[in-house]
Amino acid sequence: MEGIMGKLRNLDAYPKINEDFYSRTLSGGVITLLSSLIMLLLFLSELRLYLHAVTETKLVVDTSRGEHLRINFDVTFPALACSILSLDAMDISGEQHLDVRHDIVKKRLDSHGNVIEMRQDGIGAPKIEKPLQRHGGRLEHNETYCGSCYGAESSDEDCCNSCEDVREAYRRKGWAMSNPDLIDQCKREGFLQRIKDEEGEGCNIYGFLEVNKVAGNFHFAPGKSFQQSNVHVHDLLAFQKDSFNISHKINRLAFGEYFPGVVNPLDGVQWTQESPSGMYQYFIKVVPTVYRDVGGHTIQSNQFSVTEHFKGADIGRLQSLPGVFFFYDLSPIKVTFTEEHVSFLHFLTNVCAIVGGIFTVSGILDSFIYHGQRAIKKKMEIGKLS
């Protein structure tokens, strides 16, 4: 038994020295204090990394198909009235959403940016008590009102009972409404008078769009849009204005849900128009993104980068449509963010590396200073003796 214990004693890699042989120095005490402090700071840093989740990033090819893209927006136009502002969306598959009204809200703003109370329909010029019927006569008390669409009817049974109905019928035909005062419904509702009353007002429009997950664009522009000879145009004649101020501020623009760490580069961006009219364009590259937190909850969203360009009203001989256009394209690469905790064994390994590394380095430094001081003292003593 004694032999076994002796062999184990010979394997001791940490031989002990009697304390009587220790030589303690001032430099050694300072180095011990500093190394202990550094060791504590690095340990706390490693502990913080262990207690908090780290995010791992991966790039993969996006193989998803048949999905939709949700576009959340909040844009303010300080010099464009809500009554003339419209929102359209279209994509390369040919799908179009013209004059979008669902899932969006418009707020009228005064010249100082304060919200104005929404006004009821029909306020403007005085109403004519007996509206004009489709057959040309005035509405009698025993008749059902059926207003004329002024040649834009799809069938003989179609009725246009409001100015908006007539404008919509014209849009489907691809016609422009040159003079709303010649339309009985628009005259009764005070269409032009309402536009004049809202002169100098602004508009805050916010909401969301659900579009196909393919390249496309959406834009805010004055006038009702329609197709004419396979060209997308807006009816601006009805407003009887030569120019439109499309100065705007993007309060928020996001392609998908919020997730921790996302940066939307257009949030808070503001642009002021200096020329009479023109088209402001944003070219956006959308990057599909998946965020998976520690609990396993997954968020399907997107990030994007953007460049911008302003095209004046006259480029050569082409007239550009006044408005703010967002052209977006999709990246074939998907980014995946995964939150995960550092394992305890990894944490323990790092702590041992910190303690051992600092202990070794401080020992080398102390030995260098100690032997240096001894060598200097010896030389000084030899100098005195000689």
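**Group meeting: a walk through the predicted model**

Let me start with one residue, Thr 338, which sits in strand β17, residues 333–340. Before going on, I should say that this is a predicted model.

What does Thr 338 touch once its neighbours within four places in sequence are left aside? The contacts are Val 54, Thr 55, Glu 56 and Arg 292. Thr 55 is 283 residues away from Thr 338 along the chain, yet their C-alpha atoms are separated by 5.4 Å.

That pair leads to the chain as a whole. If you take contacts between residues at least 6 apart in sequence, 74% of them join residues at least 24 apart. The secondary structure comes to six helices and 17 strands. The chain has 386 residues, and 37% of them count as buried.

Next, the nonpolar cores. The largest one has 35 residues. Which of its residues have the most contacts inside it? They are Phe 218, Phe 220, Leu 253, Phe 255, Ile 284 and Phe 326. Seven strands each supply at least two residues of this core: β2 (68–77), β3 (85–91), β6 (202–212), β7 (216–222), β10 (248–255), β12 (278–292) and β16 (323–330). The largest share comes from β2, with five residues.

If you want one core residue to look at on the screen, take Ile 284. Not counting residues up to four places away in sequence, Ile 284 touches Leu 253 and Phe 255, then Leu 266, and then Phe 304, Ser 305 and Val 306. Its other contacts on that count are Phe 326, Phe 327, Tyr 328 and Asp 329. There is also a second, separate core of nine residues, and among its members are Cys 149, Cys 160, Cys 163 and Ala 169.

Now the helices. The UniProt entry, which is unreviewed, lists residues 21–44 and 344–370 under "transmembrane region". In the model, the span 344–370 is 100% helix and 0% strand. The C-alpha atoms at the ends of residues 344–370 lie 39 Å apart.

Which helices each supply at least two residues of the lining of the second largest pocket? They are α2, residues 26–51, and α6, residues 344–385. The largest share of that lining comes from α2, which gives seven residues. The pocket has a volume of about 560 Å³. Its lining has 16 residues, and those nearest the centre are Arg 24, Gly 28, Thr 32, Gly 363 and Asp 366. By type, the lining divides into five nonpolar, nine polar and two charged residues.

Last, two aspartates in one loop. Asp 99 lies between β4 (96–97) and β5 (104–109), and Asp 103 is found in the loop between β4 and β5 as well. Phi of Asp 99 is near 50°, a positive value in a residue other than glycine. For Asp 103, phi is near 65°, again positive and again not in a glycine.

Are these two aspartates buried or exposed? Asp 99 has a relative accessible area of 13%, so it counts as buried, since the cut-off for that is under 20%. Asp 103 has a relative accessible area of 43%, so it counts as partly exposed.

That is what I have on this model.

Technical notes: Residues numbered from 1 in each chain as written. Predicted model: local features only at pLDDT ≥ 70, side-chain atom pairs only at ≥ 80, totals over all residues. Heavy atoms only, no water. 1 Å grid on protein atoms, 1.4 Å probe; cavity = no way out; pocket = protein on both sides within 12 Å on 5 of 7 lines; lining within 4 Å. Points joined across faces, edges and corners; volume = space filled by probe spheres on them. Helix = DSSP H or I, 4+ residues; strand = E, 2+ residues; numbered from the N terminus. Nonpolar A, V, L, I, M, F, W, Y, C, P; charged D, E, K, R; others polar. Contact = heavy atoms within 4.5 Å. Core = buried A, V, L, I, M, F, W, Y, C linked by side-chain atoms within 4.5 Å. Buried < 20%, exposed > 50% of the residue type's maximum accessible area, 1.4 Å probe, protein only. UniProt positions renumbered as here; feature names shortened; annotations may be inferred.
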